[in-house]
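Me: I have a structure open and a few things to ask about it. Can we go through them one at a time?

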Amino acid sequence: MTAVLNRLTADDDLFLKLHDLYGTALVNQLAWRFDERLDPVVLNRFHAHLAHGFLSRRVMTTSVPFARPWWVSATTAEPLALQDEPVADNGVLDWLFAQSAVQFDPVSGRVWRLSAAPTTSGGTLLSLVTSHVGADGGAVLYAVGDALDRLDKRATPDITTSSGRLVGSIPAGGLLRSHVADGLGQLRAAALSLRAAYAARKVQEPERNPRPAEPRRLLPDRYSAADLVVEVDAAEWNSVAKAHDGTANGLMVGVAVGVLGRSGRIPDGSAVRVDIPHSLRGVDDPRGNATTGLPIAVPYRKGELTDLRQVRTAIKQAAHAYADPATTPALQHLQPIQQMLPRFVLGYFSRTAKAPECLCTNLGETGQGVATIAGVRARSVLMRPVVCTGETELFRRLEIGLNLSWSSDGDTVTLAITGADPDRFPTREALRDLVLDEFESWGLRPRFWT
């Protein structure tokens with residue numbers, strides 16, 4: 001009998017190889033701000049449920065040619081990090097960013113960490129950082145939602161009855177047969193992908209703008225990307241979007257393009273490539289990463305607001321095009337071959353690889369589902385990618401630009417903004433000035449976390 005294994009997806013595999021090349025360079029963060037102190041006993045129980053849930057996974061590999069690695073439940077996890085020293089109200093962003101300073105290990109199963117700290121005003125900060133190797137944003141929300149549900153029901157932490165049952169295990173038999181079958185399946189998939197890529201060879205993706213070489217600031221050897229968290233009343237956000245014949249999602253894209261243009265990263269009159277992640281996650285989906293990306297081209301004109309009608313049309317056209325293999329760009333078809341490439345080959349290609357110049361993620365109304373922990377509701381919930389501190393020259397070479405993550409609890413829109421170009425966004429203050437100017441041009445009144 002052939003064992004059924006939870007094989008790594010192409011995105012899992014790519015993030016794993018990037019982890020081998022760069023270490024923990026990017027994490028996802030889910031964060032809460034509570035006005036009350038959370039009981040450490042509750043936090044320990046929450047941690048225990050996470051340690052037996054969907055995030056608790058480690059990578060298993062095989063020597064069978066072309067067979068993909070697979071996931072099994074982890075038997076270890078980063079311990080709960082409880083800080084005694086209170087965090088000042090103007091030190092929230094710094095504390096949240098500091099939680100990204102962790103070295104994950106997908107092979108041992110150390111791929112997430114839960115941290116908590118009191119605040120000087122009597123509240124609690126809570127952070128969950130996760131490796132992108134094992135979980136995209138949807139996977140994190142699913143794992144946390146399941147853990148909180150079991151916490152409320154006073155259930156015993158257990159892999160077999162929680163979301164942890166979906167991760168996978170080492171089967172008692174049929175393992176070699178499964179690997180051989182998967183290796184042969186990958187060869188067939190590679191052949192089909194080459195055929196599909198050739199058929200789509202004339203399909204073009206939006207091009208990215210080259211990063212200007214100047215100005216080049218005199219900066220330290222290591223750089224921390226500028227990060228902001230901004231809140232706006234949801235009614236105000238939606239009203240502005242509607243006034244410009246756009247959507248809430250389109251306004252996020254419009255603001256991002258405006259900030260990027262104001263920074264000098266892109267020239268006046270150019271088209272910005274904006275990458276928009278789109279979830280493919282289904283019910284009881286075992287995949288760590290189940291997301292695709294929709295790239296669109298958005299014109300930037302200095303002194304003008306982004307045309308939200310054009311943004312809406314571009315997103316619809318991209319969604320339609322990527323739903324049909326015939327109009328999907330050739331590179332997107334080659335994921336089976338990407339998984340077959342050894343790490344040293346990916347290392348060679350990584351010398352010229354580029355990060356998105358503008359990434360806009362709509363997480364929807366994520367706050368409502370995970371805002372309450374053991375009966376205590378958070379004042380604010382944040383979800384965002386965090387670009388970890390790294391070599392300044394690496395940021396320049398990868399040409400990382402601007403990342404925005406949008407979420408709402410129905411009353412408040414929360415935007416996490418990260419400027420990762422060292423010469424355009426050297427400090428948080430520089431990014432804040434650009435964001436203030438852009439928001440003012442739309443008539444939006446931002447409230448900044450400090």
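What follows is a chat about aromatic rings and one helix.

Reply: Start with the ground rules: this is a predicted model, where local features need pLDDT of at least 70, side-chain atom pairs count only at pLDDT 80 or more, and totals for chains, interfaces and linings use all residues. Residues are numbered from 1 along each chain as its sequence is written, and side-chain values use heavy atoms, with hydrogens and water left out.

Me: How many aromatic pairs are there?

Reply: The count is 4, where rings of Phe, Tyr and Trp (its six-membered ring) pair if their centres lie within 6.5 Å, and planes under 30 degrees apart are stacked, over 60 edge-to-face and the rest tilted. Phe54 and Tyr142 are edge-to-face, because their planes are at 85°, with ring centres 5.1 Å apart.

Me: Is Phe54 buried or exposed?

Reply: Phe54 is buried, at 1% relative accessible area, while Tyr142 is partly exposed at 25%. Buried means under 20%, exposed over 50%, partly exposed in between (1.4 Å probe, protein chains only).

Me: What sits over the ring of Phe54?

Reply: The charged end of Arg57, 4.5 Å from the ring centre. The rule is NZ of Lys or CZ of Arg within 6 Å of the ring centre and within 35 degrees of the ring normal.

Me: Switching to helix 7, how many of its residues are buried?

Reply: In helix 7, 14 of the 15 residues are buried. Helices (H or I, at least four residues) are DSSP runs, numbered from the N terminus.

Me: What comes just after helix 7?

Reply: Gly264, with a positive phi of about 90°.

Note on methods:
Helix = DSSP H or I, 4+ residues; strand = E, 2+ residues; numbered from the N terminus.
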